[in-house]
Amino acid sequence: MSTDLPLVPRELRPLDGRFGCGPSRIRADQMEVLGTPLLMGTSHRQAPVRSVVRSVREGLASLFDLPQGWAVVLGNGGTTAFWAVATACLVDKRAAHASFGEFGHKFVTETTTAPFLLPPVVVEAPPGEVALLTGDEGDADDLPAPDVFAHPHHETSTGAVSPVRRLGGEGALTLVDATSIAGGAPVDVSQTDAYYFAPQKCFGSEGGLWVALLSPAAQDRARHLHTAPDRWVPQFLDLSIAMDNSSKDQTLNTPAVATLALMERQLAWMLDCGGLDAMAARSRAASDLIYRWAESSDVASPFVANPSWRSPVVVTVDFSTQVDAARLARALRASGIVDVEPYRKLGRNQLRIATFPSTPTSDVEALLASIDWLLPRI
Ligand SMILES: Cc1ncc(COP(=O)(O)O)c(C=O)c1O
């Protein structure tokens with residue numbers, strides 16, 4: 001295909017040009033697992049696939065140092081489905097949310113429209129900032145105190161990362177959406193009751209699955225709401241049913257076997273490389289390169305102004321009006337460097353670059369060299 005865009009010389013380009021925020025790069029070693037005899041194309045109710053599920057659950061328990069009594073629960077539908085699951089099976093009467101970007105807001109929409117819940121309390125912050133819950137939300141109004149406090153660990157749309165800590169009084173649950181940061185940053189999951197995610201980011205797998213690390217209190221809440229007389233929960237969204245199936249190393253309905261197999265291989269790699277701290281260090285080193293580059297640039301700057309909120313796994317870089325970032329992204333794409341466009345609804349003159357653990361610093365250095373080469377030429 002001919003193009004009027006300058007092409008980055010091959011010797012400058014990264015070895016792997018995938019920098020997208022999900023689906024994200026899948027390491028070659030992971031892809032090999034798909035050739036395992038009698039795995040792909042076999043029953044998810046039989047030993048090979050159920051062994052993969054068991055290994056995923058054990059690998060996650062080890063990676064996150066799961067406390068006694070916690071459960072690793074899986075289901076189909078990705079994180080979007082889990083928001084519906086949580087709305088139906090974890091929120092008793094009322095939720096409080098921190099919303100500071102596209103994904104935090106989507107969970108708010110679920111609890112706002114659920115006819116069996118009271119209106120949620122919502123604390124918001126503009127894109128690029130972090131909204132922080134105190135745990136006292138709702139104290140000032142006449143409605144019951146929230147029984148769920150929910151926030152994203154990380155906003156993929158903006159590259160802003162939140163602290164994770166337990167919120168609310170006795171009996172309240174803390175639910176944390178870690179879709180794009182689980183496996184790429186340190187976390188003490190015991191500060192939460194549900195630390196949930198999907199595997200198409202740090203775990204370098206395919207989409208379509210949700211995974212939730214659930215505290216005993218979250219499991220109790222799910223069991224309780226399963227039998228609540230005033231709530232109809234479709235089987236597909238019933239967390240109790242998912243918990244029962246997960247304990248047998250299966251999902252309620254047919255999963256994508258490739259997603260599970262790719263995730264298992266990534267978890268083994270993560271644990272072999274030193275576990276969560278080692279993964280966090282990889283992502284931090286890769287993202288720091290970009291933040292330092294942007295800070296020293298005349299035409300670029302980190303979008304997230306507060307350094308303590310800057311994500312180690314999704315770096316958003318704003319460009320001055322001298323640079324057409326959309327054209328820059330097109331030129332990178334023409335050179336085989338893909339998916340660095342900003343989040344579509346943010347509408348900024350920006351690049352968004354994922355530095356999940358699978359991305360080595362050498363590829364980030366080559367990406368920055370490619371951008372430096374293009375800037376005077378586009
Ligand atoms: C933070 C966050 N939450 C939720 C989602 C939705 O995940 P899924 O596509 O698996 O439903 C995404 C997707 O990118 C995300 O980044």
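Ala, Val, Leu, Ile, Met, Phe, Trp, Tyr, Cys and Pro count as nonpolar here, Asp, Glu, Lys and Arg as charged, and the others, Gly among them, as polar. By that scheme, the shell around the ligand has 3 nonpolar, 8 polar and 1 charged residues. Bear in mind that this is a predicted model: local features need pLDDT of at least 70, side-chain atom pairs count only at pLDDT 80 or more, and totals for chains, interfaces and linings use all residues. Numbering starts from 1 along each chain, as its sequence is written.

**Overall build**

- The protein has 10 helices and 12 strands; these are DSSP runs numbered from the N terminus (helices are H or I with at least four residues, strands are E with at least two).
- For 378 residues, a compact globule would have a radius of gyration near 21 Å, and the protein agrees with its 21 Å. That radius is taken over C-alpha atoms, and the globule rule is 2.2 Å times the number of residues to the power 0.38.
- Measure along the principal axes and the C-alpha trace spans about 65 × 55 × 35 Å.

**Two domains**

- Domain 1 covers 10-26 + 275-377 and domain 2 covers 29-271, with bounds from an automatic or database domain assignment.
- Their centres, taken over C-alpha atoms, are 27 Å apart.
- Across the boundary, 30 residues of domain 1 are in contact with 31 residues of domain 2 (contact means C-beta atoms, placed from the backbone, within 7 Å).
- On the domain 1 side, helix H8 (275-295) and strand E11 (314-319) each put in at least two residues, and H8 gives the most, with 6.
- That same side of domain 1 comes out as 18 nonpolar, 7 polar and 5 charged residues.

**Around the ligand**

- The ligand's surroundings include Gly22, Thr79, Phe103, Asp177 and Ser180; a residue is near a molecule if its C-beta atom, placed from the backbone, lies within 6 Å of it.
- Helix H3 (residues 78-89) gives the most to this shell, with 3 residues.

**H3 against H4**

- H3 packs on helix H4 (residues 102-113) at about 35 degrees, their axes 9 Å apart. Axes are lines fitted to C-alpha atoms, for helices over the stretch in contact, and angles run from 0 to 180 degrees between N-to-C directions.
- The crossing is right-handed, that is, the near helix is turned clockwise from the far one by less than a right angle.
- From H3, Trp83, Ala84 and Thr87 meet Lys106, Phe107, Glu110 and Thr111 of H4, a mix of 3 nonpolar, 2 polar and 2 charged.

**Backbone oddities**

- Most residues other than glycine have a negative phi, and most peptide bonds are trans.
- Glycine 22 and proline 23 are joined by a cis peptide bond, with omega about -5 degrees; proline 23 sits in the segment before helix H1 (28-32).
- Aspartate 65 has a positive phi, near 50 degrees, and lies in the loop between helix H2 (47-63) and strand E1 (71-76).

Note on methods
Contact = placed C-beta atoms within 7 Å.
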